[in-house]
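Here is a report on the fold of one protein chain. It goes from the whole chain to its sheets and helices, and ends with a single residue.

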Amino acid sequence: MMFSLFKWWISFLLAIAILSACSAVSPVSRELPSSSAEEDSGCSSSQEETVEQLLDLTEIYDLYFHPVFLSCISAESWENPEQLQPGVFVHYYLAQHYYDPNHPVKRNLEQEETVDQLVLEQEVMSHFQVTTEFLRQAQEYDPTRGVYRMDYLGGAASSKVVSATWSGDQLTIAFEYYSPADDTTVIRRGSLQMEFAGKEYRYISCTSTPVVTIP
């Protein structure tokens with residue numbers, strides 16, 4: 001009888017210890033990075049919310065959206081980037097290197113600026129599935145010198161990334177364009193799809209729709 005009581009007491013203490021350990025671990029699991037959400041499907045909804053909160057929309061805008069906005073790549077819907085005009089990809093390179101929102105480059109208006117064809121094409125082709133033959137159809141391309149001329153960019157509208165969500169290795173960026181009249185009236189909405197492989201990334205498609213205002 002004493003042995004049975006002792007055995008029961010030991011089992012009771014073990015159960016208490018297990019419950020205490022579980023309660024101590026559970027708050028930490030909600031702070032795991034996004035990769036753990038794929039491993040534990042039972043916590044997917046709460047972890048997706050955590051991932052959404054961790055995304056820095058300002059940084060996403062500066063790094064990934066601003067260049068495609070300024071070059072008008074996000075102003076049209078496309079499934080294949082070669083559906084666009086080749087010149088927009090020259091403008092993409094220009095936006096990347098000369099129009100950084102945080103560190104814009106001061107340019108000499110009296111001097112022509114050019115970029116070697118291989119330098120520009122390598123960078124653009126690393127982010128878009130386009131060919132050199134396609135890019136060299138751009139008006140900015142000078143085949144005699146083997147360079148692309150760097151023009152000037154500008155636009156009246158403004159834009160903003162309103163959300164960003166992950167699905168595996170793909171990032172979907174939802175964006176809005178705003179009227180230059182007040183910078184608040186939405187004139188275009190869309191989503192941009194990107195694919196990541198480590199630090200490398202590529203734009204794979206875009207949906208862009210003008211907002212029709214009923215008077």
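The chain exposes about 13,600 Å². Carbon and sulfur atoms supply 56% of that area. The model is a predicted one. Of the 215 residues in the chain, 37% are buried. Contacts between residues at least 6 apart in sequence were also sorted by separation: 57% of them join residues at least 24 apart.

**Elements**

The chain has seven helices and seven strands. From the N terminus, the order is α-α-α-α-α-β-α-α-β-β-β-β-β-β. The strands discussed below belong to two open sheets, one of three strands and one of four.

**The four-stranded sheet**

The strand order here is 4-5-6-7, and the pairing is antiparallel. Strand 4 (158–167) and strand 7 (200–210) are the edge strands. Each has a single partner strand, so one side of each lacks a neighbour in the sheet. From one strand to the next, the twist averages 20°. Helix 4 packs on this sheet and touches strand 4, strand 5, strand 6 and strand 7. The direction of helix 4 makes about 115° with that of strand 4.

Strand 5 (residues 170–178) is joined to strand 6 (residues 186–197) by nine bridges, and the two run antiparallel. Strand 4 and strand 5 also pair in the antiparallel sense, over nine bridges. Strand 5 is mostly covered, with seven of its nine residues buried.

Strand 4 and strand 5 form a hairpin with two residues between them. Gly-168 sits in the turn and has a positive phi of about 65°.

Individual bridge partners give the register. Leu-171 stands opposite Met-194 in strand 6. Gln-170 has Glu-195 of strand 6 as its bridge partner. Toward the other neighbour, Lys-160 stands opposite Glu-176 in strand 5.

Two general points help in reading these pairs. Strands of a sheet pair through backbone hydrogen bonds, either parallel or antiparallel. In a regular strand, side chains alternate between the two faces of the sheet.

**The three-stranded sheet**

This open sheet has the strand order 1-3-2, with antiparallel pairing. Strand 1 (114–116) and strand 2 (141–142) stand at the edges. Each of these has a single partner strand, so one side of each is left without a neighbour in the sheet. Strand 1 pairs with strand 3 (residues 147–149) in the antiparallel sense over three bridges. Asp-116 has Val-147 in strand 3 as its bridge partner. Helix 6 (residues 117–127) lies across strand 1, strand 2 and strand 3. Helix 6 runs at about 75° to strand 1.

**Helix packing**

Two helix pairs involve helix 5 and are set out here.

| Helix pair | Crossing angle | Axis distance |
|---|---|---|
| Helix 4 and helix 5 | about 130° | 8 Å apart |
| Helix 5 and helix 6 | roughly 95° | within 10 Å |

Helix 4 covers residues 57–70 and helix 5 covers residues 87–98. Their packing angle is about 130°. That makes helix 4 oblique to helix 5. The crossing of helix 4 and helix 5 is right-handed. On the helix 4 side, Leu-63, Pro-67, Val-68 and Leu-70 make the contacts. Tyr-92, Ala-95 and Gln-96 meet them from helix 5.

The axes of helix 5 and helix 6 cross at roughly 95°. Helix 5 and helix 6 are therefore roughly perpendicular to each other. Helix 5 brings Phe-89, Val-90, Tyr-92, Tyr-93, Gln-96 and His-97 to this contact. Helix 6 brings Val-119, Leu-120, Glu-123, Val-124 and His-127. Tyr-92 and Gln-96 of helix 5 thus appear in the contacts with helix 4 and in those with helix 6.

**Tyr-93**

Tyr-93 is in helix 5. Is Tyr-93 buried or exposed? Its relative accessibility is 7%, so Tyr-93 counts as buried; the cut-off for buried is under 20%.

Which residues does Tyr-93 contact, leaving aside its neighbours within four places in sequence? They are Val-115, Val-119, Leu-120, Glu-123, Val-124 and Met-150. Val-119, Leu-120, Glu-123 and Val-124 belong to helix 6. Tyr-93 and Val-115 are 22 residues apart in sequence. In space, their C-alpha atoms are 9.6 Å apart.

Key
Residues are numbered from 1 along each chain as its sequence is written. This is a predicted model: local features need pLDDT of at least 70, side-chain atom pairs count only at pLDDT 80 or more; totals for chains, interfaces and linings use all residues. Side-chain values use heavy atoms; hydrogens and water are left out. Two strands pair if DSSP finds at least two bridges between them. Contact means heavy atoms within 4.5 Å. Axes are lines fitted to C-alpha atoms, for helices over the stretch in contact, and angles run from 0 to 180 degrees between N-to-C directions. Buried means under 20% relative accessible area, exposed over 50%, partly exposed in between (1.4 Å probe, protein chains only). Accessible areas come from the Shrake-Rupley method with a 1.4 Å probe; for residues, only the protein chains shown count as cover. Angles under 35 degrees count as roughly parallel, over 145 as roughly antiparallel, 65 to 115 as roughly perpendicular and the rest as oblique. A crossing is left-handed if the near helix is turned anticlockwise from the far one by less than a right angle, and right-handed if clockwise.
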